[in-house]
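Grab a pencil and work through these exercises with the model open beside you. Try each task before you read its solution.

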Amino acid sequence: MNVDPNREDMNVVIAGHVDHGKSTIIGRLLADTHSLPKGKLDQVRENCRRNSKPFEYAFLLDALKEEQLQGITIDSARCFFKTKKRDYILIDVPGHIEFLKNMVTGASRAEAALLVIDGKEGVQENTKRHCYMLSMLGIKQVAVLINKMDLVGYDKKNYHKIVQECKKFLEQISINPAAFLPVSGMNGDNIVRQSENMKWYQGPSVIEVLDGFAAVSFPKDLPFRMSVQGVYKFTMFDDNRRIVAGSVGSGTINVGDEVCFYPSGKRSVIQTIEGFSQKKQEMVSAGFATGFTLKEQIYITRGEIATRSDQPKPNVTSRIRANIFWLGKEPMEEGKLFYLKLGTTKVRVKIEKIIRIIDASTLNPINKGKIDKNDVAECILQLEKAIAFDLAHEIIETSRFVIIDQYNIAGGGIIQESLEDQHEQSLILKEESSEIKSNVIWHEGKVAYEDRCRLLNQTGLVIWFTGLSGSGKSTIAVEVEKELIKIKKLVYRLDGDNIRCGLNSDLGFSKDDRVENIRRIGEVAALFKDAGLITLVSFISPYRSMREFARKKVGEDNFIEVYVKADLATCINRDPKGLYKKAMSGELKNFTGISSPYEEPENPDLIIDTTKLSIQESVQEVLNML
């Protein structure tokens, strides 16, 4: 299909029960709108003649040989056709019950839907399931095609009977079809032009209905949302950009806009908008993959949602009420752990409570304690940690999720309500995670710690610098590292800012996150010590309990706590990063020494008072101790 930027396009999903004729209708649309590659129709006809097979329009779509042998479409397929008004991307989704999960993916980007029903068989179980999924996915523009009318003699009464049956069901799930059309995909009746065989029908053709649908543009007028795919740093040719990359799900962003990332709550201002092989951009909107740089570098990770600070913020919680369509082989039960994936966020999840289970075929409630394959359920889900999202009636792009079980997509759903966090429930998830970890045993190697020390001609050691921001910890650690290298000691420095660029970039500055920050560093430092390295750890590490944790993890004989002492007034006066100023104005929350406490060491191995000692004198104090 030729792409004309001035022409409108539309994504349309075609759904229905197996063997109800979806592929045939698609073949007709391709052929009768002259959208096939030149000679394709004659080629398929000739192949059928050579193999003594009757020609079917479905063969134009079924590209896989296995699909032709089975007579069923087993995966979502996209094809293109065009009318005078617009270009269409038609998404064919499987009708066979075994391939329902492919429909979740195939229908997720559609703006409209064609529902195909066999005029002889009528509404079937899978027809209803597909209808329910279209409703869950928020597809409002729907036309129902009563197909294979040629097999029932183009009977008007038969058509009206199926229309009434279908209407009754669709009303229950809030789908109001734009039209019901009697068609024959095989003979082309009412597909592109009016049928001579059904003069009793005076309504539009399929093409006329499609052209009558309103093109749903990407939601540019909604609040800005972009799921962060990653942060990429460039180093070649003096390029020092850090680009936050992702796809814009809704809204627009401009250079100069202040952005806020959730769930962390970190803020900065857009400095540039970047695009591969593109001219300089000042704005980007929904539907485009993009990247941007920030004026103030903040450390964010994959899975956060970028928003505009002047617009409504998303919900942030670890408990949600959601509608789920379950496709997994094993049932979804209360207490069992899965993964929930929303945008680029992936987090462990379990059912806290099943509110109700619905038979997707009848919409009748089912009384049972588990969600079986093809069930639809309303549940309360408990997540391992808080995530950012919107509700289904607000922004559909950031309310849809899938459930992953054993690396496979096992279900999908939409978030209906944000619920208050329950700390106790989060602890349950952590306890269950620890039960799994309790079966993990340290795997001993055949090289001892003493062997590594002999090889390096040094003892594994951790020197832990603690103190307020601006006290001089990092400056001293940098100089100590340089001096130790001079005397041929293998040394490595773990700096608070550097570690938050990678290993701990998912952590904020709440008390819980600060504790986790030091726990991870303590574990890493202990491993470095075991490798025989001299490790310089330069962190504020405000809590005595966590510094004691690190000491025990490393070992008393291999741990040196250095208190880099400077009073608060001196640190505020130095303020090398301008952080105290922001903290005192309220811009920075949970800042140590201002709005968060610092617990001074009670018995450090060394105290360095940087209000009295120079950098060189401070470094010499550390070297003298060693």
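First, a definition: helices here are DSSP runs of H or I with at least four residues, strands are DSSP runs of E with at least two, and numbering goes from the N terminus. Keep in mind that you're looking at a predicted model.

**Exercise 1. Get your bearings: how many helices and strands does the protein chain have, and what percentage of its residues count as buried?**

Step 1. Count the elements: the protein chain has 16 helices and 28 strands.

Step 2. Now the burial: 51% of the 626 residues count as buried.

Step 3. Look at the contacts with a separation of 6 or more: 72% of them are between residues 24 or more positions apart.

**Exercise 2. Find which residues of α13 are buried and which are exposed on the other side.**

Step 1. Go to α13, residues 544–554, and pick out the buried ones: Met-546, Arg-547, Ala-550, Arg-551 and Val-554.

Step 2. Why do these belong together? They span an arc of only 150° around the axis, so they sit on the same side of α13.

Step 3. Flip to the other side of α13, where Ser-545 and Lys-552 are exposed.

Step 4. Ask what does the covering: β24 (461–466), α12 (511–530) and β27 (559–565) are among the elements over the buried residues of α13.

Step 5. Walk just past the end of α13 and you hit Gly-555, with a positive phi of about 115°.

**Exercise 3. Describe how α12 and α13 pack: what are the angle and the distance between axes, and which residues make the contact?**

Step 1. Read off the geometry: the angle is about 20° and the axes lie 9 Å apart.

Step 2. Classify the angle. Anything under 35 degrees counts as roughly parallel, so α12 and α13 are roughly parallel to each other.

Step 3. Add the handedness: α12 and α13 cross in a right-handed way.

Step 4. List who touches whom. From α12 come Val-515, Ile-518, Arg-519, Gly-522, Glu-523, Ala-525, Ala-526 and Lys-529, and from α13 come Met-546, Phe-549, Ala-550, Lys-553 and Val-554.

Step 5. Sort this contact of α12 with α13 by class: eight residues are nonpolar, one is polar and four are charged.

**Exercise 4. Work out where Thr-307 sits and which residues it contacts beyond its neighbours within four places in sequence.**

Step 1. Locate Thr-307 in strand β14, residues 305–308.

Step 2. Buried or exposed? Thr-307 has 1% relative accessibility; the cut-off for buried is under 20%, so Thr-307 counts as buried.

Step 3. Leave out neighbours within four places in sequence, and Thr-307 contacts Phe-224, Arg-225, Glu-258, Val-259, Cys-260, Tyr-262 and Pro-314.

Step 4. Follow one of those partners, Tyr-262. A cis peptide bond links Tyr-262 to Pro-263, with omega about 15°. Pro-263 lies in the loop between β10 (258–262) and β11 (266–274).

**Exercise 5. Compare the surroundings of Asn-190 and Lys-488: which loop holds each, and is each buried or exposed?**

Step 1. Recall the background: most residues other than glycine have a negative phi.

Step 2. Take Asn-190, whose phi is positive at about 60°. Asn-190 is in the loop between β6 (179–182) and α7 (206–212), and at a relative accessible area of 0% it is buried.

Step 3. Take Lys-488, with a positive phi near 65°. Lys-488 is in the loop between α10 (473–486) and β25 (491–495), and its 74% relative accessibility makes it exposed.

How values were computed: Residues numbered from 1 in each chain as written. Predicted model: local features only at pLDDT ≥ 70, side-chain atom pairs only at ≥ 80, totals over all residues. Heavy atoms only, no water. Buried < 20%, exposed > 50% of the residue type's maximum accessible area, 1.4 Å probe, protein only. Arc of directions from axis to C-beta. Contact = heavy atoms within 4.5 Å. Axes fitted to C-alpha atoms, helices over the stretch in contact; angles between N-to-C directions. Parallel < 35°, antiparallel > 145°, perpendicular 65-115°, else oblique. Left-handed = near helix turned anticlockwise from the far one by under 90°. Nonpolar A, V, L, I, M, F, W, Y, C, P; charged D, E, K, R; others polar.
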